[in-house]
Amino acid sequence: MSGALRHELRTRQLNELEAMQAMFSIDGSFVCRDEESLQLMKVVVDSCSSPEQFVDEGLPELSFEITKDALYSVIFNLPKDYPHRPLHCRIEWQQGTRAEHEYINGNLRQYADSLAGEESAMQVLEKAGEIFTEILNDKKQEEAEAEALRQDSKPMFVRDAGQKALGRRLIYFHHIINPTKRQCVQEWAVQLKLGGYSKIGWPGIVVVEGPEECCQEYVRCLQRLRWKQIVVRGEEIEPCPNGMSIDQMRKMHYGFEELDCNGMSELAERCRKAGLEELFLTGMKIYRNSDKEGEQASESKTTGRRKN
C-alpha cells in the first residue's frame, strides 16, 4: 500500500472520528478510548508534508465508543487500513445474555463487512439500534404471550402412555432465549416423563425421548407458543417389545437438562455416546452419502430412522 493511500486512509479515519465526536459528545455519550493515541495520530498526519512519503508504522489503531440511552454501548475499532477494510465493532449490554450478545455482534460484523470501502461508523451505530430495539420488543411480546400460553398450553395427562412405543424427537428452533419459554421446555418434558436436552441460544435445539404419545403431546404444546421458527427435523419411533418397558429401552438419561448457548458440540457428543448420532445429524441436516435422499423430505417433519 502506497504512502499516499495510507495517508488518505488515516485522514479519513480522523475526519470520521471527529464527526462522530461532534454529534455525540454533547450529552457525554461519546468516549475516545485512547485520547493519547488520537492526539499522536493528528500530529503525525497533520505534519506530513509529502503524503507519498507517509509512513504509519507504529501508529496505534483508533478506538471509540458511543453509549445509547444509557442502555448499551457500541465499541468501534478502526483497523489501520480502514475504511479500505471494514471496521471492527461490538456491543456491550450489561443486561444482555451471552447469546444475545453473540446474536447482535454477529449481525453487526456481517453488516460492517458489507460496508467495506466506505466510512460506516454511523450506519453501524444505527444498525445496532435497530437490532437492539427488535430484541427488546421481541422479548416483551414473547414474555407476555409465553406466560399467557404457558397457562393454556400445559400438557394433557396421557393415560397409560408409554407401553406401546418409544419416541424420540429432535426439534429445531430459530432461537431459545426467553426465560418463560425455557422454563416451559424443561417443565413440560419432565411432566411428560421425557428425558433429553435443550441447547439454548441461536439456534435452539431440543432432543427428547420417552413414550411416543408424550412426545406427540410435547411437540403440540411447544408449537402453541410463539416462535420465530420451530421445526421437527428428526423423529424415531420404536415399538415396545413384549416383556420390556419404555424405561428399559431409553438411550438417554431419565431427566431433562439445559445446555448453554455454546453447547452444540456437547449435545452432539452426548447424542453420539447414547447411540443417537444419526438422529442428531439428520436433525442438523448433515446426511450420510446413503441418506442424501432424506434432504428431499418435508421440512416440517424430517424423519431420521424409523424402526419397526
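This passage describes the two sheets and one helix pair of a predicted model.

The sheet that lies earlier in the numbering is open and consists of four strands in the order 1-2-3-4, with antiparallel pairing. Its edges are formed by strand 1, covering residues 30-32, and by strand 4, covering residues 88-92, each of which pairs on one side only. When direction is ignored, neighbouring strands of this four-stranded sheet are turned by 20° against each other on average. Within the sheet, strand 3 (residues 72-78) and strand 4 run antiparallel and are joined by five bridges, and N77 is found opposite H88 of strand 4.

A further open sheet is built from five strands in the order 8-5-7-6-9, and here the pairing is mixed. The edge positions are held by strand 8 (230-239) and strand 9 (256-259), each pairing on one side only. The average turn between neighbouring strands of this five-stranded sheet, again with direction ignored, is 10°. Strand 5, which spans residues 165-173, runs antiparallel to strand 7, which spans residues 204-211, and eight bridges join the two; across this pairing, I171 stands opposite V206 of strand 7. Helix 5 packs on the sheet, where it touches strand 6 (195-199), strand 7 and strand 9, and the direction of the helix makes about 160° with that of strand 9.

Two packed helices are described by the angle between their axes and the distance between the axes. For helix 5 (residues 179-191) and helix 6 (residues 212-224), the axes come within 10 Å and cross at roughly 160°. Because angles over 145 degrees count as roughly antiparallel, helix 5 is classed as roughly antiparallel to helix 6. The crossing of these two helices is right-handed. On the side of helix 5 the contact is made by V185, W188 and A189, whereas helix 6 contributes Y218, C221 and L222. Sorted by class, the residues in the contact of helix 5 with helix 6 comprise six nonpolar ones, with no polar and no charged residues.

Helix 5 thus appears in two of the descriptions given here, since the helix packs on the five-stranded sheet through strand 6, strand 7 and strand 9 and is also in contact with helix 6 through V185, W188 and A189.

Methods. Residues are numbered from 1 along each chain as its sequence is written. This is a predicted model: local features need pLDDT of at least 70, side-chain atom pairs count only at pLDDT 80 or more; totals for chains, interfaces and linings use all residues. Side-chain values use heavy atoms; hydrogens and water are left out. Axes are lines fitted to C-alpha atoms, for helices over the stretch in contact, and angles run from 0 to 180 degrees between N-to-C directions. Angles under 35 degrees count as roughly parallel, over 145 as roughly antiparallel, 65 to 115 as roughly perpendicular and the rest as oblique. A crossing is left-handed if the near helix is turned anticlockwise from the far one by less than a right angle, and right-handed if clockwise. Contact means heavy atoms within 4.5 Å. Ala, Val, Leu, Ile, Met, Phe, Trp, Tyr, Cys and Pro count as nonpolar, Asp, Glu, Lys and Arg as charged, and the others, Gly among them, as polar. Two strands pair if DSSP finds at least two bridges between them.
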